[in-house]
Amino acid sequence: MGIKVGIDLGTTFCAVAMIGDDGKAAVIPNEMGERLTPSVIQFFDDGSYIVGADAKEALDYGEEGCAAVFKRSMGESGVYCSFYGRDYTAQSLSEIMLRELKKQAEKVTGQRIDEAVVTVPAYFGELQREPTLRAAKDAGLNVRQLVSEPTAAAMNYAADHFRENAKVLIYDLGGGTFDLTLVQMKKNDRVDVIRTTGNSMLGGKNWDEELAKLLVQKIEEDVEYTECDIHTHALREAEKVKIALSSAMKARAHFTLDDYGSCTVEVTREEFDDATAHLREKTRGLCINLLDSMKLSWRDINAVVLVGGSTRMPQIKKFIKQMSGREPLSRVNPDEAVAIGAAIMANLKAQPYAVQKITNDESVIRTLRKGSVPAKETAVESLQKLSVSDVVAHTLGKVTVNRDGTGYKNQIIIRENSVIPVKVAVAEQFYTKDEGGNESEIIMLQGSSENVRECTAVCRYIVSGIEHDPTHNPTILKVQYSYDANGIVHVQARQGDSDKDLPAKKLPAPDDMSRYYEGISAPPAKAKAEPLRIMMAVDVSGSMTGRPMEEAKKAMCRFIDEFSCYPGDVKIGAMAVSDRTQVVCELTNDLTACREKVGEIEVCMTGLCNEADPFDEILNRLAVARGKKVGVVLADGVWSYRDKAITRAKRCAAMGINIIGMGFGEADEEFLKAISSGEIGAIKVELDELTPTFGKIAQELGGGRGGKSRRLFGGSKTPPTECETWPAPGEQT
Ligand code: AMP
């Protein structure tokens, strides 16, 4: 018989754990005897690769072929990196990582891995969980369950410190993500996850970036050195300095600068803590929201458990103490807690599918843990009798025609924080066509808003085989969503009272969701609108690498699309800005061409840093233009020459150009305000909100696709109502 393991597939480190013969869960060291394996892979030109510490060292030395931090891109379509003519996705890189972890753990223990529990950030939705599960299966693992990292950490904590009715907050700050989870310990060794929330773009990497900026600032003060290269170098040094500052009050970074020779900069812990205060504040906001949503105060929380490598920073312990009024518990090893908790879960007696009667009403959810606990248990048995219930992190719904048939809305089906596993079914009327071949389209949305525009389209399903009703009365089409024990969603559909599922083909979400954005009134009287000239400028500096750039381009395209029905003469142009400014598309009324040019924008195409600003170019193009003149400027950080930029932005305002300063990430709100003019002004948003916000701005400027949204789809004429559920895939009946 083989072993059952827990695998923490971390953004920066991975760990594998098992329960030993002594009944204690512990990390299995890798082949090099280390308990943590860096999540880094180095590829070579012959297709071979190495994984772990050696690959991390190569990465630190800036060698070719290294892939890291890919977990942050899980679920994103497209290639994550390419080396020597081969393309890798975040999923394929995770598969390599997991295969290597499995191989090494089997070699070190001399036993086969029978089953594994693999952890994911609580905030991972369907889009990220499914590729993670596929990566694990493709790596040859028999996956018992995917579990949320904080849930695994809670199990680890509960194994040693079970206290009935205690409420414990798990503060999990890793390399790339922040998860916050509230658990309650209940009778019969039960651990219930009550609420979970988080930010998938906040983690140790953000602290590294702030520290890198601080290092660069110090070098520039000392030697007036402004080469961009030092930013990349500083980023490489930052993590080392950050880790050193966890045990010392000061740390040094060494640089070798062209023309200047070597230089050393010193950073104090206080300086580092000050520069990263805003990042801690982001976590405070999430803590407060979570407590508020449960009508709890810090007094109701019995313990705060720190998990994730980044909680080793003394500033985090201090911050938690100051915020919660109690010392956080760091007796659990933050790097190992998740893997150990997952190992405990891999060995639980209770099945992942512990819930039989599944409804949305939490009060009727009961686990079916049967059998009496033996009077004298072994240590292993005592761990095995724990049971756990988890919750879903995201609300899921579907695109539905709204009540008055004038547009679309998100029909919420499963709400966030419902206990997993959960299933909900809705029924709606469906008018069939005589010709047969009746199909219905289900577009799955993630998000709590009823406004489709504010949700993420996850995927779509084409339900086929709907039988025509010869009486021409509407037939009933039922759709059921279920979250399984892995937090993975299943979609089923049935017609009327049939007990057979209709075929449902899963497809990617539509590229363009704009036809489903509702709340758009009919276009105003055509041809009356005044001419409109818009110049968009996007920050393409190094910090936009990856998702920020993709999201920015998506938002700009969406913005352009909104003007396809503009009832007047509209011209839009686009430019990229970092160290230089480059106009990628001159003002044009060929919006399709403009969209294409935006698609070609690339990170760093005008340099790595933020030395330039776009305002002179905006002024050149718009100063003498007719009609309404607008400059939309999107930035994600702080610009090097803010004062010059502000002066130039004011010059634009003086020429009647409305500047809208849009920012996300580390963009400085004060700066955005200073450059903005006109009615719309400055806007700071989260990355996820970028596209909807661009859409709203476009509408305020007179865009909007109006009448196009009024088309009904799929033959449905009424909003769905909740109905009886039926067995979900894999559910025991
Ligand atoms: P995890 O995703 O939980 O593996 O956490 C990895 C993150 O923890 C990385 O950003 C590391 O830089 C950070 N980290 C690890 N050790 C320390 C330390 N001693 N002090 C500060 N940060 C650390």
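**Ligand shell and nonpolar cores**

Me: Which residues come nearest to the ligand?
Reply: Thr12, Gly175, Glu239, Lys242 and Ser246 come nearest, out of 14 residues around the ligand; a residue counts as near if one of its heavy atoms lies within 4 Å. This is a predicted model, in which local features need pLDDT of at least 70 and side-chain atom pairs pLDDT 80 or more, while totals for chains, interfaces and linings use all residues. Residues are numbered from 1 along each chain as its sequence is written, and side-chain values use heavy atoms, without hydrogens and water.

Me: What makes the pair between Glu239 and the ligand a polar contact?
Reply: A polar contact is a pair of N or O atoms within 3.5 Å. An N or O atom in the Glu239 side chain is 2.5 Å from a ligand oxygen atom, so the pair qualifies. Lys242 has a polar side-chain atom 2.7 Å from an oxygen atom of the ligand, and Ser246 has one 2.6 Å from a nitrogen atom of the ligand.

Me: How much of the ligand does the protein bury?
Reply: The protein buries 89% of the 510 Å² that the ligand exposes when taken alone (Shrake-Rupley method, 1.4 Å probe).

Me: Why is the set that includes Tyr171 and Trp298 called a nonpolar core?
Reply: The term applies because buried Ala, Val, Leu, Ile, Met, Phe, Trp, Tyr and Cys residues are joined through side-chain atoms within 4.5 Å, buried being under 20% relative accessible area with a 1.4 Å probe, protein chains only. This core, the largest, has 43 residues. Its largest share, seven residues, comes from helix α5 (residues 204-223).

Definitions and conventions
A polar contact is a pair of N or O atoms within 3.5 Å; within protein, one must be able to donate a hydrogen and the other to accept it, and residues adjacent in sequence count only if both atoms are side-chain atoms. Buried means under 20% relative accessible area, exposed over 50%, partly exposed in between (1.4 Å probe, protein chains only). Helices (H or I, at least four residues) and strands (E, at least two) are DSSP runs, numbered from the N terminus.
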